[in-house]
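I opened my notebook today to go through this structure one topic at a time. Here is what I looked up, in the order I looked.

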Amino acid sequence: MVEFAFTAVPPAVPVLAVALLLPLLSRRVGHALGALTAAGVMGWTYLVPAGAYLGPELTFLGFDAVLFNVDPFSRLMGVVFGLIGAAAVVYSYYSDAENVQTAYALTYVGSSLGAVFAGDWLTLIFFWELMAVTSTLLVWHHGGKAVRAGFRYALLHGIGGSLLMAAIVWHYAEVGTFLFASVPGGPAVAGITAGLPAALAALGIGVNVGFIGLHAWLPDTYPRPHVAASVFLCVYTTKTGVYGMYRAFPEGHIWIAYMGGAMAVFGATFALFQNDMRRLLSYHIQSQVGYMVAGVGIGGALAQSGAFAHVFNHILYKGLLFMTAGVVVYRTGRENLKKLGGLARQMPVTAGAFTVAALSIAGFPGFNGFVSKGIVISASHYDFAKGPLPIGDFYTLEWLLLLGGVGTFMSFIKFGYYAFFHGEYDGSVADANRGQSVAMLAVAALCVFYGLVPGALFSLLPFDVTDGAVVAHVYKTYTVGHVVEGVALAVAGLVGFYAAKKPLSKLGRVPDIDALYGPLSFYGTRGLVRGVTETYAAVDRAAVAAANAAMATARDPRRLTRRLPGGTAELGFGEDTEHVPMDTTVGTSVLILTVVVALALVVLFA
């Protein structure tokens with residue numbers, strides 16, 4: 001009976017139901033109900049037994065489907081999605097978010113939960129696309145600059161979803177089912193069919209996770225909406241993308257691993273160039289997701305556990321970073337680091353929460369990012385069947401991940417220096433209000449807890465990274481080598497920031513890849529449209545001219561004979577020939593045409 005209560009309804013359903021109800025309630029009651037529902041989902045997904053429920057005997061759109069699939073990967077996603085969802089709803093209420101905005105946010109949360117608990121590709125792509133729609137509505141709700149950013153966001157995610165859908169349809173044509181290999185009735189081989197379907201899936205999911213070249217929507221969109229909306233946005237799309245990447249490539253792929261390493265460096269580098277707080281944080285989403293993508297690409301129990309450990313930790317500290325930046329915007333109305341300074345004196349709670357989040361994302365010992373980054377970096381130089389790989393394989397990836405770590409330290413030293421610890425703010429400003437403080441400090445406490453007690457995090461991972469029977473390389477968090485590595489990255493970041501501080505202060509906005517493909521898309525599309533319309537117009541003019549000439553000739557054949565060599569004389573007409581009128585009426589023309597068509601039909605059927 002208890003098991004039935006947990007498995008009868010997917011976790012997405014109550015969240016979506018509350019989202020529909022919330023606009024009808026008062027702000028206090030609606031947000032309280034939303035926070036309690038998200039917290040309930042966290043406990044629900046932690047306790048529900050593993051297994052495939054609501055399928056595959058059920059059908060969705062006429063195909064076998066599993067609407068509620070629980071395994072260690074989806075369980076971890078459900079727990080952290082519910083946890084941060086509850087904190088974000090509390091933060092939204094105390095940041096003056098409207099009920100409608102929070103309702104959009106909860107539909108976004110619910111659709112993300114639907115995707116990670118799907119047991120088949122068809123259900124996953126349904127919620128994947130719903131996630132794109134609901135997040136776009138969340139962005140648009142704020143109005144202003146968010147509207148244009150939302151259109152771009154929707155366009156790119158529409159393209160990504162279409163590519164993923166094409167891969168899924170091709171996969172179905174090859175294996176005959178949409179079910180995952182881990183559920184009853186699924187295919188013998190896990191993941192998306194190799195070849196072109198896998199390439200399409202990688203590109204489609206690559207939009208969501210921010211592959212280099214497909215990432216510009218991220219820093220363009222997340223700084224635009226309400227500060228509370230940014231807390232939701234920074235969590236669900238990219239992390240659901242990491243989950244989808246694992247489902248598509250459960251054995252990993254070397255090029256995906258290297259893309260992750262490149263993302264770690266690229267995102268950290270471009271974050272360092274930013275002065276807009278939320279834009280800086282958005283580039284660091286790409287950078288940190290790079291570690292997760294690298295873990296998925298490496299494959300194997302240790303790397304995959306590291307990837308999902310980093311998913312869990314990143315959701316906590318990135319949500320916290322957007323909360324702290326949101327409080328600064330909420331209190332000062334300013335986004336630009338150059339217009340801030342010295343806020344730690346007036347905003348000690350916000351500054352303290354930021355410091356915890358910054359040390360966590362940078363991977364400093366004692367904080368949760370140190371634990372999960374360490375697993376991925378450790379996995380980057382091990383092949384679990386053969387031992388350490390030779391120079392030139394994953395060792396190159398390891399250096400990319402370490403370089404990304406230095407860039408992360410530099411970026412957040414810059415953020416903290418200019419926002420909180422350097423100079424003096426020109427005015428009086430209040431700290432976070434009580435509700436904002438509760439949300440931030442609760443998440444900050446978890447960042448420290450999972451950093452100091454890594455076993456609590458390990459218990460949530462898909463594989464036990466401390467068991468030699470499960471992983472070929474047992475991971476120990478607090479070894480001398482790991483601690484020295486974390487401190488060395490911090491020192492390198494500190495030295496690097498002070499060396500680059502003066503050049504960075506003079507740096508304007510550095511163009512990203514969208515500065516190239518934005519105009520290229522605009523002028524290319526305009527050229528294509530004009531080419532098509534002008535060609536159509538030319539063909540239309542030619543057709544109309546030909547029709548007019550044919551009609552004129554039918555009415556007066558002498559128009560044609562006069563243009564032939566010899567004129568009418570060659571046809572037996574001399575100059576003295578009496579000119580017989582050849583013009584006909586419309587009725588006569590129709591009669592002649594009818595007779596000709598009738599004769600043609602008689603000949604044809606005879």
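**Entry 1: burial, and a pair of neighbours.** Before anything else I wrote down the cut-off I need: a residue is buried when its relative accessible area is under 20%, exposed when that is over 50%, and partly exposed in between. I also noted that this is a predicted model. With that cut-off I looked up Phe127, which has 15% relative accessibility and therefore counts as buried. Phe126 comes out at 41%, so I put Phe126 down as partly exposed. For the chain as a whole, I found that 52% of the 606 residues count as buried.

**Entry 2: overall build.** I counted 22 helices and six strands in the chain. How does the radius of gyration of the chain stand against that of a compact globule of 606 residues? The globule would be near 25 Å, while the chain has 32 Å. Along the principal axes, the C-alpha atoms fill a box of roughly 115 × 60 × 60 Å. I then looked at contacts between residues at least 6 apart in sequence, and 80% of them join residues at least 24 apart. The accessible surface adds up to about 25,800 Å², with 68% of that belonging to carbon and sulfur atoms.

**Entry 3: aromatic rings.** My next search was for aromatic pairs, and the count is 32. One of them is Phe63 with Phe178, an edge-to-face pair with 5.1 Å centre to centre and 90° between the planes. Which parts of the chain does this pair tie together? Phe63 sits in strand β3 (residues 63–64) and Phe178 in the loop between α7 (145–175) and α8 (196–209), so the pair links parts that are 115 residues apart in sequence. Phe63 is partly exposed at 30% relative accessible area, whereas Phe178 is buried at 7%.

Back to the neighbours from my first entry: Phe126 and Phe127 also form an edge-to-face pair, with 5.2 Å centre to centre and 85° between the planes. I wrote down one aromatic cluster too, made up of Phe354, Phe412, Phe415, Phe420 and Phe421.

**Entry 4: Ser135.** I found Ser135 in helix α6 (residues 121–140). Is Ser135 buried or exposed? Its relative accessible area is 0%, so I noted Ser135 as buried. What does the side chain of Ser135 make a polar contact with? The partner is the side chain of Tyr153, at 2.8 Å. Leaving aside neighbours within four places in sequence, Ser135 is in contact with Tyr108, Tyr153, Leu233 and Thr237.

**Entry 5: Arg434.** Arg434 lies in helix α17, which covers residues 434–452. With 71% relative accessibility, Arg434 goes into my list as exposed. I also checked Arg434 against Val116: they are 318 residues apart in sequence, and their C-alpha atoms are 33 Å apart in space.

**Entry 6: cysteines.** My last search was for disulfides, and the count is zero. Why is Cys234 in no such bond? The closest cysteine sulfur to that of Cys234 is in Cys447, 12 Å away, which is too far for a bond. The cut-off behind this is 2.5 Å between the two sulfur atoms. As for burial, Cys234 has 1% relative accessibility and counts as buried, and Cys447 is buried with a relative accessible area of 0%.

Terms used:
Residues are numbered from 1 along each chain as its sequence is written. This is a predicted model: local features need pLDDT of at least 70, side-chain atom pairs count only at pLDDT 80 or more; totals for chains, interfaces and linings use all residues. Side-chain values use heavy atoms; hydrogens and water are left out. Rings of Phe, Tyr and Trp (its six-membered ring) pair if their centres lie within 6.5 Å; planes under 30 degrees apart count as stacked, over 60 as edge-to-face and the rest as tilted. Helices (H or I, at least four residues) and strands (E, at least two) are DSSP runs, numbered from the N terminus. Buried means under 20% relative accessible area, exposed over 50%, partly exposed in between (1.4 Å probe, protein chains only). A polar contact is a pair of N or O atoms within 3.5 Å; within protein, one must be able to donate a hydrogen and the other to accept it, and residues adjacent in sequence count only if both atoms are side-chain atoms. Contact means heavy atoms within 4.5 Å. The radius of gyration is taken over C-alpha atoms; the globule rule is 2.2 Å times the number of residues to the power 0.38. Accessible areas come from the Shrake-Rupley method with a 1.4 Å probe; for residues, only the protein chains shown count as cover.
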